[in-house]
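Please open the model in your viewer and keep the selection panel at hand. The stops below go from one selection to the next.

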Amino acid sequence: MPRDPSAQPSPASADCDAAGASDAADVPPFEELVAFIARQLVDSPDDVSVMRVEQDRSVVYQLRVGPEDIGKVIGKGGRIANALRQIVRAASSRSRRKCTVEIAS
Amino acid sequence: MSDIETSASTAAETAREALQGILDRMGIECTVSAHVDGEGQITLDVSSDSDLGTVIGRDGDTLNALQLLVSVIVSRRHGPHSRVVVDAENYRARRAESLQARAIELAQRVKATGREALLESLHAYERRIIHLTLADHPDVYTYSEGEGDARVLVISPRD
């Protein structure tokens with residue numbers, strides 16, 4: 001009995017694309033969350049920018065601030081940076097892709 | 001209103017707006033209310049029908065991160081005088097009660113075995129709760145050792 005080719009799971013199936021698309025949809029953009037917090041911590045809010053970098057299993061938010069403000073978003077022993085990461089992690093906790101924050105210099 | 005009261009309520013409004021702004025952008029449906037006590041401490045209370053677990057986090061991690069960021073924002077804008085506490089449906093009080101219960105339980109074990117008990121990964125204010133709970137205990141005493149995240153609270157038998 002010939003096998004029905006349509007019953008075969010195809011390796012590069014539409015499933016992957018669908019999963020990718022729904023992933024993107026169910027991870028709301030947190031650029032504005034990171035930028036909103038960072039702008040209130042620094043002396044030069046106009047120099048704050050956040051770039052979203054998509055990776056396989058995660059999303060990285062790269063935070064950029066003015067050179068004099070880097071210490072203000074890192075904090076003593078990295079306390080502020082860790083708090084930012086905790087908040088983005090919590091905000092993304094219901095999605096499958098984990099989000100994190102990097103401070104770009 | 002006195003100048004101090006006026007500045008405390010302005011700081012409280014800054015704190016409330018900052019926290020509500022952060023939670024909105026986290027996608028959390030909630031409302032934040034603020035009150036200032038007689039010593040100028042600002043307490044922000046988060047109430048949410050659906051997302052309370054996210055707001056609190058594991059062992060209060062998210063609540064503590066929110067509290068740190070809002071504290072820094074408020075002290076940048078209004079000076080370092082206002083202490084800010086972020087709470088959600090009395091989590092702080094419930095956590096304090098469970099730490100007190102754990103302290104008393106561990107003290108009994110230390111007394112029974114004569115061996116020290118260690119409590120790791122607590123925040124400074126959580127260690128303080130344990131120290132205060134056992135300060136007058138007849139059979140044990142407490143101290144902390146180590147630095148930063150590695151700081152450990154020790155419950156030790158009295159001789």
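A salt bridge here is a side-chain nitrogen of Lys or Arg within 4 Å of a carboxyl oxygen of Asp or Glu. Keep in mind throughout that this is a predicted model.

**First stop: a pair across the interface**

Select Asp43(A) together with Arg76(B), and you will find a salt bridge between them, in which the closest N and O atoms are 3.0 Å apart. Across the interface of chain B and chain A, the rule finds 3 salt bridges, and the count of residue pairs in polar contact between the two chains, with both residues at pLDDT 80 or more, is 8.

**Second stop: the side of chain B that touches chain A**

Now select helix 1 (3-25) and helix 3 (61-78) of chain B, each of which supplies at least two residues of the side of chain B that touches chain A. Which of the elements of chain B gives the largest share of that side? Helix 3 of chain B does, with 10 residues. If you colour the residues of this side by type, they divide into 9 nonpolar, 3 polar and 6 charged.

Widen the selection to the whole contact, which takes 18 residues from chain B and 20 residues from chain A. The size of an interface is often given as the accessible area lost when the parts come together. In this model, chain B and chain A bury about 1700 Å² between them, and 67% of that area is on carbon and sulfur atoms. Then pick out Arg25(B), Leu69(B) and Arg76(B), which supply 37% of the area that chain B buries against chain A, more than any other three residues.

**Third stop: chain B as a whole**

Show chain B alone as a cartoon, where the secondary structure comes to 5 helices and 6 strands. Following the chain from the N terminus on, you meet the elements in the order α-β-β-α-α-β-α-β-α-β-β. The C-alpha atoms of chain B fill a box of roughly 55 × 40 × 25 Å, taken along the principal axes.

**Fourth stop: a sheet in chain B**

Select strands 1, 2 and 3 of chain B, which form an open sheet in the order 1-2-3 with mixed pairing. At its edges are strand 1 (31-36) and strand 3 (84-88) of chain B, each pairing on one side only, and neighbouring strands of this sheet are turned by 20 degrees against each other on average, direction ignored.

Strand 2 (residues 42-47) of chain B runs parallel to strand 3 of chain B, and 5 bridges join the two; to see one of them, select Ile42(B), whose bridge partner in strand 3 is Val84(B). Bring back helix 3 of chain B, which lies across strand 2 and strand 3 of chain B and runs at about 150 degrees to strand 3.

**Last stop: a sheet in chain A**

Move to chain A, where 3 strands form an open sheet in the order 1-2-3, with mixed pairing. Strand 1 (49-54) and strand 3 (98-104) of chain A stand at the edges with a single partner strand each, so one side of each is left without a neighbour in the sheet. The twist averages 25 degrees from one strand to the next.

Strand 1 of chain A pairs with strand 2 (residues 58-64) of chain A in the antiparallel sense over 6 bridges, and Val50(A) has Leu63(A) as its bridge partner in strand 2. Finally, select helix 4 (residues 79-91) of chain A, which packs on the sheet and touches strand 2 and strand 3 of chain A, its direction making about 155 degrees with that of strand 3.

Definitions and conventions:
Residues are numbered from 1 along each chain as its sequence is written. Chains are lettered from A and ligands numbered from 1 in the order in which they are written. This is a predicted model: local features need pLDDT of at least 70, side-chain atom pairs count only at pLDDT 80 or more; totals for chains, interfaces and linings use all residues. Side-chain values use heavy atoms; hydrogens and water are left out. Contact means heavy atoms within 4.5 Å. Buried area is the accessible area (1.4 Å probe) that two parts lose on being put together, summed over both. A polar contact is a pair of N or O atoms within 3.5 Å; within protein, one must be able to donate a hydrogen and the other to accept it, and residues adjacent in sequence count only if both atoms are side-chain atoms. Helices (H or I, at least four residues) and strands (E, at least two) are DSSP runs, numbered from the N terminus. Ala, Val, Leu, Ile, Met, Phe, Trp, Tyr, Cys and Pro count as nonpolar, Asp, Glu, Lys and Arg as charged, and the others, Gly among them, as polar. Two strands pair if DSSP finds at least two bridges between them. Axes are lines fitted to C-alpha atoms, for helices over the stretch in contact, and angles run from 0 to 180 degrees between N-to-C directions.
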